[in-house]
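Take a look at the structure below. We will walk through a sheet, a helix and two cores.

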Amino acid sequence: GTARLSRAEPRAGDGRSGEEEEEEEEVEEGCYQLYPGHIPTSPLQKALLAAGSAVMALCDPYRHDMVAVLGETTGCLALPNLRDKMKRHPEGYRILQERPRIRLSTLDMDRLRGLPDGTLGREYVRFLEDNKVSPDTRMPPKFVDDEELAYVIQRYREVHDLMHTLLGMPTNMLGEVVVKWFEAVQTGLPMCVLGAAFGPVRLSTRKLQVLATELVPWAIRSGRNASCILNVYYEQRWEQPVESLREEIGIFPPP
Amino acid sequence: AVGLCPYRALLARRGGALRALCGSVRGLAAGAETHFGFQTVTEAERREKIYRVFESVAKKYDVMNDSMTLGIHRVWKDILVHKMNPTPGTLLLDVAGGTGDIAFRFINYVRSVRERQLQRKLRHHQNLSWQEIAESYEEDKSKSLGDSQVVVCDINKEMLKVGKQKAQHLGYSKGLSWVLGNAEELPFDDDKFDVYTIAFGIRNVTRIDLALQEAYRVLKPGGRFLCLEFSQVSNSLLSRLYDLYSFQVIPVLGEVIAGDWKSYQYLVESIRRFPPQEEFKAMIEDAGFFKVDYQNLNLGIVAIHSGFKL
C-alpha cells in the first residue's frame, strides 16, 4: 500500500460552510490536484482505466464519458506532441497563452446567428441547432497529470464540433466515424485511432461501403494535408467563410 | 450579593453573547470536526457529502457491489440473516437498508421457516378430512410470513426509491415498510423491535455513538443488535493485497461502471477510518448492550457484531 496523508485545514470560525470543498482534495500518490477536477492516478490505475473505459465505450456507445477517459489515459504521447505543435505556431501559441473556451456562456449566439450564410459562425450555429447539440456537454479532463496538457485536450474536445462544421459531417454514427478518422490522422490520439477503427462495427453494410470508398480516403487525405487544427483561433474567425477557412487549413471539399 | 448579581449577570450575558456569536459562526460551519474519508470536514459537511455520495450511486449501487466484491457481498448478507435466525412473527428494523438486500433475505428466510412449520403441522394431521386440510391451506396461505415484518429505514430518498422499485420488481409487498429516517434519531418509539440490523451503513453515520444509543432504545428487552460492516484485516499479506485492490481497482471500477470515481474513493477511505473490531465492540457495550461479540468473515475484511438488550 502507499502512504496516505490527510490534509487537515482549519475551518472553524471563518464562516465558510462547505462550498469550497473542491480545494480540499486528499493527497494521493504524493501528487496534489493540478487543476479543478483533476484526479491524480497511479500508472496502474491509468492502465486499468484505459482498459476498462475501452471495453465500456465499446459495450455502451452512449457512455461518452468513457471515450473521454480513454482519450485522457492513452494520450501521454500524443498530447505533448500536440502541445509542442501549438507552441511552435504563432496562432497556436496565442491560444495556449490566452486559453479561450468554447462555451455557451462565452459565445454570442445571436451575433453568430446573424452572420451571413457560409461563414464559420453561421454554419457552426446551424450545425449545433440541426443536430441539437451544445458545446457545454464536453467532459472536463480528470486524469491528465499536466495542467497545460489538460487544456490541450479540453481544446481538442471543444473544437470537435467545429470539425464537424468544417468537414460537413452530421452527428450520426457515420459522421462521427469520419470525423474520428480525420482527427486520428491529425492528432495521433490513440482514442481517435481506436474510435476510427472500431466505430464502423455498428454500421450497416451500405454505409460501410460509402465509408470505405469515399469518406475515409477523403478524411485521411484532408487530415494529412491540413495544418494542425488546434492552431486555428476559431473564435477570431467567425466571419470568415467556411470555404476560405477550409482552403487555408488544407481540408479538401467534402464529397 | 444581590448588588453584584446584575453586574455578574451583565458580564455573563456579554460573555455568553460572545460565546454565542462564536458558537453561531461555528454553528454555521456546524459542529465539531470529523472525517470524510481521509479529508477533515465538519459534521454537517460530512452528512451532506455522504448524502450526495449515496444519491449519486443509488442506481448503480447493486451493480457496483457485485463488481467490487465479485458477488461475495451476497454471501456475507446471507450469513447475517442466518445468524439472525428469525422465527415467524419477528419484527425487524433494518437501518440504512436502502436497496433492501437484508429485508428481502429476511422475508425469504421467514417464509421458508414458515413453510417448514406448516409442512410439519400437516404431517401430524393424518386423519383430517380433505375439506379440513384445504381449509387449513387457505388459512395458512394468508399468513405466509406468520406476522413477521421488516421496516426498512434509510436517510437517503434515492436509495429508498431504488429499494421500493426492486421490491416491486421482485414481488415483495407483504410485511415490508419503507421509512425515511436518520439512524442518529430514529422516528420510532422505545422498545418496539425484536431485531435491529445495519449492514454496511454504520460506517457512514456521523455520530456512531448516537446510532448505537438509538438502536438500544428502539429494541425490545431481549432484542438483538446485529451489525455487518467492513473491518480491519489482521493478516499482513492479505492486508497489503486488500489495500492494493481497494485503492487501485475500486475507484477505477467506480469510474468505469458508475461514472463516479470520487464516491468510490470515499468508500474505500471510509472503510480504513472505521474503528477495528475490538474498539467497535467496546462502543456497542458502551451503549448498554450485553453479550457483545463479533465474527470475522474473510479474515476480517468484514465482521458481524452482535449484542443483546437485556
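A nonpolar core is a set of buried Ala, Val, Leu, Ile, Met, Phe, Trp, Tyr and Cys residues joined through side-chain atoms within 4.5 Å. Keep that in mind as you read. The model is predicted.

The largest nonpolar core has 54 residues. Those with the most contacts inside it are Trp76(B), Val150(B), Leu176(B), Leu228(B), Phe230(B) and Val302(B). Helix α5 of chain B, residues 101-124, gives the largest share of this core, with 8 residues. Now pick out Phe230(B). Leaving aside residues up to four places away in sequence, Phe230(B) touches Trp76(B), Phe200(B), Arg203(B), Tyr242(B), Ile271(B), Phe274(B), Ile301(B) and Val302(B). A second core is separate and has 36 residues. Among them are Val178(A), Trp238(A), Ile249(A) and Ile251(A).

Next comes the sheet. Strands of a sheet pair through backbone hydrogen bonds, either parallel or antiparallel. In chain B, an open sheet of 7 strands follows the order β5-β4-β3-β6-β7-β9-β8. Its pairing is mixed. Strands β5 (176-180) and β8 (290-297) of chain B form the edges, and each pairs on one side only. On average, neighbouring strands of this sheet are turned by 15° against each other, direction ignored.

Zoom in on one pair. In chain B, strand β3 (residues 91-95) and strand β4 (residues 149-154) run parallel, joined by 5 bridges. Val95(B) has Cys153(B) in β4(B) as its bridge partner.

Finally, find helix α11 of chain B, residues 277-286. The helix lies across β7 (219-230), β8 and β9 (302-308) of chain B. Helix α11(B) runs at about 155° to β8(B).

Technical notes. Residues are numbered from 1 along each chain as its sequence is written. Chains are lettered from A and ligands numbered from 1 in the order in which they are written. This is a predicted model: local features need pLDDT of at least 70, side-chain atom pairs count only at pLDDT 80 or more; totals for chains, interfaces and linings use all residues. Side-chain values use heavy atoms; hydrogens and water are left out. Two strands pair if DSSP finds at least two bridges between them. Helices (H or I, at least four residues) and strands (E, at least two) are DSSP runs, numbered from the N terminus. Axes are lines fitted to C-alpha atoms, for helices over the stretch in contact, and angles run from 0 to 180 degrees between N-to-C directions. Contact means heavy atoms within 4.5 Å. Buried means under 20% relative accessible area, exposed over 50%, partly exposed in between (1.4 Å probe, protein chains only).
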